[in-house]
Amino acid sequence: MKIQIIGLGPGNFDDLTLRAYNLLQDETHLILRTTKHPLVNEFLTRGIEYSSCDKFYDTAMNFDEVY
């Protein structure tokens with residue numbers, strides 16, 4: 001299994017590097033740290049599928065529990 005970490009940047013789709021965009025399209029399973037990022041709507045529009053870790057943030061009492 002190969003894990004790649006891709007930074008989404010400040011939130012404008014145009015700020016993604018071409019390499020980051022290609023990796024997002026090529027990944028078989030994309031996991032977002034959170035869906036509370038401006039690019040998530042763009043992912044939906046472009047058909048980029050993902051899951052997120054929001055459930056861990058929503059149920060933990062503090063960040064130490066999450067991490």
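**Close-up views of a predicted model**

By the rule that a salt bridge is a side-chain nitrogen of Lys or Arg within 4 Å of a carboxyl oxygen of Asp or Glu, the count comes to one salt bridge. The model is predicted, so that local features need pLDDT of at least 70 and side-chain atom pairs count only at pLDDT 80 or more, while totals for chains, interfaces and linings use all residues. Residues are numbered from 1 along each chain as its sequence is written, and side-chain values use heavy atoms, with hydrogens and water left out.

**View A. The salt bridge between Glu-42 and Arg-46.** The closest N and O atoms of Glu-42 and Arg-46 are 2.7 Å apart. Both residues lie in helix H2, four residues apart, about one turn of the helix. Glu-42 is partly exposed (from 20% to 50% relative accessible area, with a 1.4 Å probe and protein chains only), at 26%, and Arg-46 is partly exposed at 40%.

**View B. The buried and exposed faces of helix H1.** In H1 (residues 18-26; helices are DSSP runs of H or I, at least four residues, numbered from the N terminus), Ala-20, Tyr-21, Leu-23 and Leu-24 are buried, that is, under 20% relative accessible area. These residues cover an arc of only 160° around the axis, taken from the directions to the C-beta atoms, which puts them on the same side of H1. The face turned away from the buried side carries Leu-18, Arg-19 and Asp-26, which are exposed (over 50%). The buried residues of H1 pack against helix H2 (40-46), contact meaning heavy atoms within 4.5 Å.

Conventions
Helices (H or I, at least four residues) and strands (E, at least two) are DSSP runs, numbered from the N terminus.
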